[in-house]
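Student: I would like a close look at a single part of this model, namely the aromatic pairs and the residues packed around them. Please take it step by step.

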Amino acid sequence: MRTARRYIASEIYRSSAVVLLALIGLFSFFNLIEDLDKLSATFSLTNLLYLQALSLPSQLYELLPIGLLIGAVLALAGLAQRNELVVLRVAGVSGLQLLLLLWVITIPAMLGALALSEYITPRAEIQASESSLKLLGRAGGGRLHSGYWFKENESQDTMRLINIGRLADKSTVQEITVFEFNSKQHLRAYIQAKSGYFQDGQLHLQQVQHAQLPENVLDALQQGYVRTEPLLIRESIDHLRLNTSLSAERLLARILTPERMTINDLMDYIDYLDSNQLQSDRQTVALWRKIAYPFSLLVMITIAAPISFMQTRRGGVGSKIFIGILIGVGFFMMNQLALNVGMLSRWQPWVTALLPSLLALCLALLALFIIENKHRWRKKITSEHAA
């Protein structure tokens, strides 16, 4: 059994690697063609190819389940066409045992998917955003034209909005603007700084312009009486420290799309959003999807099993591959549909994240059960008619 497992694993991984290379090459070519209009005197073809190279881990992350599905269908269909699966079945290996064999084979791919999801893709995404910011003047993720915006509650009576125009590196920021409001949502202070950095739970601002509004300035403006004190107190400060729940890690989390963040960063960012009364449904769904991502490979290999076990005389390898591609694309579309419908309908996050995979797994197991028992059912029906 160990020899058969190694042989089938080598066939599946070889086919999956070829399929993934073809898919990544195809999508990279389309992305390259789409981004050619960005070329300029300051953004060369070398820069474009560099950004495309940084996007490869993200493409691999998205295409890995479909690539494994098509590769497994291709490999298993080839084994069935050469009657090698028949030899296993004649040797006493049932359909359930063969499925368990495929699940064991998928474990290394699941570990690789976990490493890709937790280590490689987030770092490549951060590097791609930073490089895009330097080369093109803009980054992906949650950046608006005005920069990155954050809201936090400094205390029960104070709310703060922080705008960061640019990211210099992981912990250094530039063009910072801070708006502080009192309990009545009235502007209390306005701070501008050319640069800053995060350290020990504080935002250290440098070259600061600080404008302070007195508490009763709004009453003076509304009632129209003349104040002896100035309406605005403004001063220049070389260095100012602000206690903040924002950190360099949470700042980087804002750059990444939720699915590209690590599980620890997602949990920390969800805690930050919840503590500041901000919506975290999208991030919570992404957390469940991240947890379920390695297990989606088990779903793909389970879907590939009944497709490959179909009789070869009812369709060659090409038709099985075509069915596998259709199912893979359909699964991807169902995943996106479940995400959008779940967010709009306020489904539980685990339902939104796991429903497509659970449905696909149940359908694949049902199809495998039918294929495994159809001859027994047919024989039973024939014997009943004969009787």
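Tutor: A residue is called buried here when its relative accessible area is under 20%. With that cut-off, and keeping in mind that this is a predicted model, Y293 counts as buried because its relative accessibility is 8%, and Y61, at 7%, is buried for the same reason.

The structure holds five aromatic pairs, and one of them is formed by Y61 and Y293, whose ring centres are 4.3 Å apart and whose planes stand at 20°, so the pair is stacked. This pair links distant parts of the chain, since Y61 belongs to helix α3 (residues 56–81) and Y293 to helix α9, with their positions 232 residues apart.

A further stacked pair is made by Y269 and Y272, where the centres are 6.0 Å apart and the planes again meet at 20°. Here both partners lie in helix α8, three residues apart, or about one turn of the helix. An α-helix has 3.6 residues a turn, so residues three or four places apart point the same way. Both rings belong to buried residues, because the relative accessibility is 6% for Y269 and 2% for Y272. Aromatic residues also gather elsewhere, as W149, F179 and Y190 form one aromatic cluster.

Returning to Y293, this residue is also a contact of A113, which, leaving aside neighbours within four places in sequence, is in contact with L64, Y293 and L297. A113 sits in helix α5 (residues 95–136) and is buried, because its relative accessibility is 0%. The C-alpha atoms of A113 and L297 are separated by 8.6 Å, although the two residues are 184 places apart along the chain.

Between helices α8 (263–275) and α9 (281–309) runs a loop, and S280 is found in it. S280 counts as buried because its relative accessibility is 8%, and, not counting residues up to four places away in sequence, S280 touches I270, L273 and D274.

For contrast with these buried sites, one may turn to F29 in helix α1, which is partly exposed because its relative accessible area is 49%. F29 is one of the residues of a nonpolar surface patch, which also includes F27, F30 and L45 and has about 820 Å² of accessible area together. Helix α1 (2–34) and helix α2 each supply at least two residues of this patch, and the largest share, five residues, comes from α1.

Note on methods: Residues are numbered from 1 along each chain as its sequence is written. This is a predicted model: local features need pLDDT of at least 70, side-chain atom pairs count only at pLDDT 80 or more; totals for chains, interfaces and linings use all residues. Side-chain values use heavy atoms; hydrogens and water are left out. Helices (H or I, at least four residues) and strands (E, at least two) are DSSP runs, numbered from the N terminus. Buried means under 20% relative accessible area, exposed over 50%, partly exposed in between (1.4 Å probe, protein chains only). Contact means heavy atoms within 4.5 Å. Patches are made of residues with over 30% relative accessible area and no salt bridge: like charges are joined within 9 Å, nonpolar side chains (Val, Leu, Ile, Met, Phe, Trp, Tyr) within 5 Å. Accessible areas come from the Shrake-Rupley method with a 1.4 Å probe; for residues, only the protein chains shown count as cover. A salt bridge is a side-chain nitrogen of Lys or Arg within 4 Å of a carboxyl oxygen of Asp or Glu. Rings of Phe, Tyr and Trp (its six-membered ring) pair if their centres lie within 6.5 Å; planes under 30 degrees apart count as stacked, over 60 as edge-to-face and the rest as tilted.
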